[in-house]
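Got the model open in your viewer? Let's take a walk through it, one selection at a time.

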Amino acid sequence: MAHPERISLAQHLAAQADLPDGLIRVLESVAEACVDIAALTAQGALAGILGEAGHENVQGEAQKKLDVLANDLMLAAGERSGQLAAMASEELDWPCVPPEAQGDYLLLFDPLDGSSNIDVNVSIGTIFSVLPALRDADWSSNEAAARAFLQAGVRQLAAGYVIYGPATLLTLTTGKGVDVFTLDAEEGVFFRTREAVQIPPETGEFAINMSNQRHWEAPVRHYIDDLLAGKTGIRGKDFNLRWVASMVADVHRILTRGGVFLYPVDARNRDRGGRLRLMYEANPMAWLVEQAGGTASTGRGRLLEVVPETLHQRVPVMLGSRQEVETLVRLHAETV
Ligand code: AHG
Ligand code: MN
Ligand code: MN
């Protein structure tokens with residue numbers, strides 16, 4: 001049976017008290033870009049989107065064709081909104097400052113999350129975050145523009161992701177809980193299909209790249225050892241491992257049936273501060289998780305309170321069901 005209500009994203013946003021028109025326009029633009037990315041994703045090889053683009057991004061990662069296409073679509077949509085002072089992306093060394101842009105908002109995004117899954121037809125996504133543009137910000141140089149973005153995650157005005165899976169879903173928060181919208185691809189419109197999402201407090205599932213085990217720090221090793229010990233171990237129950245290698249898909253599962261997601265700092269990534277990027281991967285996901293009743297930490301502090309020093313800064317990430325993240329935080333505190 002079809003979902004009974006047909007509340008579109010536009011209707012949902014219009015009904016939110018205190019949501020400025022400019023911010024609504026930004027969110028609608030992001031959704032428009034993601035409808036286009038979803039269409040390309042669904043066409044796969046038929047749209048010629050598979051494979052490498054042939055260059056590297058600022059992170060030193062080989063860009064896929066879809067990384068570049070998705071980035072271009074997000075930039076064009078952001079500029080069309082007319083509400084942005086600047087945009088920052090995983091795929092751009094420096095912020096993009098649209099000509100004559102005077103908008104009140106900054107848009108940050110990971111245009112294509114889970115790039116290693118594109119060619120193997122596994123769920124991928126787009127992650128986005130909106131921050132306020134400070135009135136006295138200086139846009140005259142790349143360095144100054146990048147500095148305007150360096151705000152902690154607690155300052156986000158909106159955050160979300162789109163997951164391109166069996167269905168295309170948009171998950172959004174503007175600070176009043178989390179709602180999920182499903183794309184009607186024929187109409188090109190997202191309709192609300194879940195409201196006030198809550199992460200179940202207890203879980204039997206965890207997500208971590210186990211192949212990095214030998215590089216982990218002691219608290220993470222300790223925590224995962226306890227989970228792996230199962231019923232006869234200290235936790236007294238069996239835990240199941242799931243790792244999609246697209247953060248959007250792993251977080252979406254946690255927002256649906258609970259769990260915990262970890263990408264910790266380890267011996268291999270310590271010089272860079274972790275694996276995932278703070279401003280356009282960790283912060284939007286952390287806010288969604290908190291808004292859904294979960295917790296997001298670096299292991300040593302609340303993730304949303306980390307004050308960024310650089311635009312592409314990385315951070316250790318531990319998020320999901322509250323009890324699990326609290327256990328991780330306790331283990332970190334005990335081993336300092
Ligand atoms: P991206 O494709 O934007 O570079 O991000 C990939 C991230 C994240 O989505 C995922 O959880 C993680 O990298 C996968 O890491 P492993 O390669 O260690 O599995
Ligand atoms: Mn990513
Ligand atoms: Mn990416």
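Start with the big split: domain 1 and domain 2 bury about 2,900 Å² between them, and 63% of that area is on carbon and sulfur atoms. For the domain 1 side, select Ile127, Leu150 and Tyr161: these lose the most area to domain 2, together 19% of what that side buries. Keep in mind throughout that this is a predicted model.

To colour the two halves, use 9-194 for domain 1 and 205-334 for domain 2. The contact between them takes 51 residues from domain 1 and 33 residues from domain 2. If you put a marker at each C-alpha centre, the two markers will sit 23 Å apart.

**The metal pair**

Next, show the manganese ions, ligand 2 and ligand 3. Which residue coordinates both of them? Pick Asp110: this residue bridges the two ions, which lie 3.8 Å apart.

Zoom in on ligand 2 first. Its protein donors are Asp110 (OD), Asp113 (OD) and Glu281 (OE), at 1.8 to 2.1 Å from the manganese ion. Along the sequence these donor residues are spaced D-x2-D-x167-E, so select them by number rather than by scrolling. Asp110 and Glu281 also take you across the domain colouring, with domain 1 spanning 9-194 and domain 2 spanning 205-334.

Now move over to ligand 3. Here the protein donors are Glu90 (OE), Asp110 (OD) and Leu112 (O), lying 2.2 to 2.4 Å from the ion. Their spacing along the chain reads E-x19-D-x1-L.

Are these donors buried or exposed? Take Asp110, Asp113 and Leu112 in turn. Asp110 has 0% relative accessibility, so it counts as buried. Asp113 is at 5% and counts as buried too. Leu112 is buried as well, with a relative accessible area of 1%.

**The five-stranded sheet**

Switch to cartoon and look for an open sheet of five strands, in the order S11-S10-S12-S16-S14 and with mixed pairing. The edges are S11 (240-241) and S14 (295-297); each has a single partner strand, so one side of each is left without a neighbour in the sheet.

Stay at the S14 edge. S14 and S16 (residues 317-320) run antiparallel and are joined by three bridges. To see the two strands face each other, select Ser297 and Met318: Ser297 stands opposite Met318 in S16.

Then add helix H7, residues 278-291. H7 lies across S14 and S16, running at about 25° to S16. While H7 is selected, look for Glu281, one of the protein donors of the manganese ion (ligand 2).

**Two backbone stops**

Where do you find Asp18? Look in the loop between helix H1 (9-14) and helix H2 (21-43). Its phi is near 70°, a positive value in a residue other than glycine. Turn on the surface and you'll find Asp18 exposed, with a relative accessible area of 70%.

For the last stop, go to Ala245, in the loop between S11 and helix H6 (247-257). Ala245 is not a glycine either, yet it has a positive phi of about 75°. At 35% relative accessibility, Ala245 counts as partly exposed.

Terms used. Residues numbered from 1 in each chain as written. Chains lettered and ligands numbered in written order. Predicted model: local features only at pLDDT ≥ 70, side-chain atom pairs only at ≥ 80, totals over all residues. Heavy atoms only, no water. Pairing = 2+ DSSP bridges. Helix = DSSP H or I, 4+ residues; strand = E, 2+ residues; numbered from the N terminus. Contact = heavy atoms within 4.5 Å. Axes fitted to C-alpha atoms, helices over the stretch in contact; angles between N-to-C directions. Donors = N, O, S within 2.8 Å, 3.2 Å for Na, K, Ca; no water. Buried < 20%, exposed > 50% of the residue type's maximum accessible area, 1.4 Å probe, protein only. Domains from an automatic or database assignment. Buried area = accessible area lost by both parts, 1.4 Å probe.
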